[in-house]
Amino acid sequence: MMHFYSHGKFLLTSEYLVLKGALALALPLKFGQSLDCEHLETNENQLSWDAFNPDGHWFSAVFDKKDFSIKHTDDEAKAKKLAEILKAIKSLNHNAFEGNDLHFVTKLDFNPQWGLGSSSTLVANLAQWAKVNPYELLKLTFGGSGYDIACASAQQPILYQIVGEKPMNQPVEFNPPFADKLYFVYQGQKQSSTNEVGKFQNRVVQIDMQDEIDAVSEISRSLVTCPDFDAFCSFLQIHEDVVASCIGREPLKTKFTDFQGTIKSLGAWGGDFFLAATAWPKEQVKAYFAEKGLDVVFSYDELVL
C-alpha cells in the first residue's frame with residue numbers, strides 16, 4: 001500500500017493577479033486529502049476508485065486501465081474528469097499504470113464544497129504516486145497559477161510567484177500576533193477556479209496591470225512582517241480595492257456594511273471562504289455571520305498549518 005497526503009490552501013493575497021506574475025502570500029491548511037494506492041493480485045486491466053469525505057463515501061468508479069474508459073460509476077461527471085486526469089498522467093509517464101490492477105482510495109478532511117483544495121490535493125497526491133511534475137499535471141487538467149500545488153507540500157506559509165512561467169515559492173515566518181482576531185467564513189457557494197481564471201484572463205488580455213501587480217506584491221511582502229492589527233487591516237482594504245478594480249466587482253465588505261472590521265475575499269471572488277478581521281470576540285463574530293446565514297466560521301489557528 002502506498003500512502004500520500006497533501007494540504008489544502010488559502011490564497012491570502014494576489015488573487016487573480018498571481019496569474020500575471022504578482023507575488024502572493026499563500027497559507028497551507030491543517031485540512032487536506034490522503035491517497036492510498038494498492039496493487040491488486042488480479043490482472044483484468046482495471047483501475048478502481050473509491051473517494052470519501054467527512055460524511056462518508058461520496059464517489060466510486062471503475063476504469064479500463066488501457067484507455068480509461070468508464071466501466072461503471074455512481075457519478076458520471078466526476079468519473080469523466082478523473083479519466084481526464086488519469087490520461088494526463090499517462091501522457092507524462094507512460095509506465096505509471098503498468099502491472100496488475102490498481103485500487104485507489106482518497107479521503108478528504110473537509111467538505112468538498114468548501115473550495116479548500118479538493119482538486120489541487122488530488123493532483124498533488126497523484127503526481128507523487130506517478131512520479132510526474134505536479135505543475136505539469138495541473139496545467140493539463142485544471143489549470144491555474146499553481147499556488148495550490150505549492151501549498152500541498154508546504155509546512156508553513158509561503159510567498160509564491162510565477163517567474164518566467166516557472167513557479168517559485170519561499171517559506172516565510174508568518175505568525176501574526178493578532179491571529180485571534182482573524183476568522184475564515186464560508187460564503188456557501190463553491191466557485192470554479194477554472195472558470196474564474198478564464199474570465200479574468202479574457203478581461204485583462206489587452207490591459208497593462210503592472211501598477212496593480214506591484215501594489216499587491218508589496219502588500220504581500222508587508223503582511224508577512226506586519227506587527228500591528230490596524231495596519232494589517234489597512235493593507236487588506238487597499239488590496240481588496242485594487243483587485244475589485246481589476247475584475248470589475250464590488251468589494252465584499254459592501255455586503256456586510258454593519259460589520260466592525262475588515263473583510264477580504266480569498267481566491268476566486270463570489271464564493272468559498274473570505275477573511276474577516278475584527279476585534280469582536282469569537283462568539284459575536286459567529287453570531288453575526290449566523291444571522292446572515294453563514295454558519296461555517298473558523299478561527300485562524302483552527303485552519304492554518
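**Exercise 1.** In this predicted model, which strands does helix α8 lie across, and at what angle does α8 run to β12?

*Solution.* Locate α8 at residues 282-291. Helix α8 lies across β9, β10, β11 and β12. Its direction is at about 160° to β12.

**Exercise 2.** Give the strand order of the open sheet. Then explain why one side of β10 and of β12 is left without a neighbour.

*Solution.* Start with the order: four strands run β10-β11-β9-β12, with antiparallel pairing. Next, look at the edges. β10 (262-265) and β12 (297-299) stand there, and each has a single partner strand, so one side of each has no neighbour in the sheet. Finally, check the twist. Neighbouring strands are turned by 25° against each other on average, direction ignored.

**Exercise 3.** Over how many bridges do β10 and β11 pair, and which residue of β11 stands opposite I263?

*Solution.* Take β11 as residues 273-277. β10 and β11 pair in the antiparallel sense over four bridges. I263 faces A276 in β11. Now add the helix: α7 (residues 229-247) packs on the sheet, touching β9 (182-186), β10 and β11. The direction of α7 makes about 45° with that of β10.

**Exercise 4.** Describe how α6 packs with α7.

*Solution.* First, the geometry. α6 (residues 210-225) meets α7 at an angle of about 155°, and the axes are 10 Å apart. Angles over 145 degrees count as roughly antiparallel, so α6 is roughly antiparallel to α7. The crossing is left-handed. Second, the contact. α6 contributes E212, V216, I219, S222 and L223. α7 contributes F232, F235, L236, I238, H239, V242 and C246. Third, the chemistry: nine contact residues are nonpolar, two polar and one charged.

Definitions and conventions. Residues numbered from 1 in each chain as written. Predicted model: local features only at pLDDT ≥ 70, side-chain atom pairs only at ≥ 80, totals over all residues. Heavy atoms only, no water. Pairing = 2+ DSSP bridges. Helix = DSSP H or I, 4+ residues; strand = E, 2+ residues; numbered from the N terminus. Axes fitted to C-alpha atoms, helices over the stretch in contact; angles between N-to-C directions. Contact = heavy atoms within 4.5 Å. Parallel < 35°, antiparallel > 145°, perpendicular 65-115°, else oblique. Left-handed = near helix turned anticlockwise from the far one by under 90°. Nonpolar A, V, L, I, M, F, W, Y, C, P; charged D, E, K, R; others polar.
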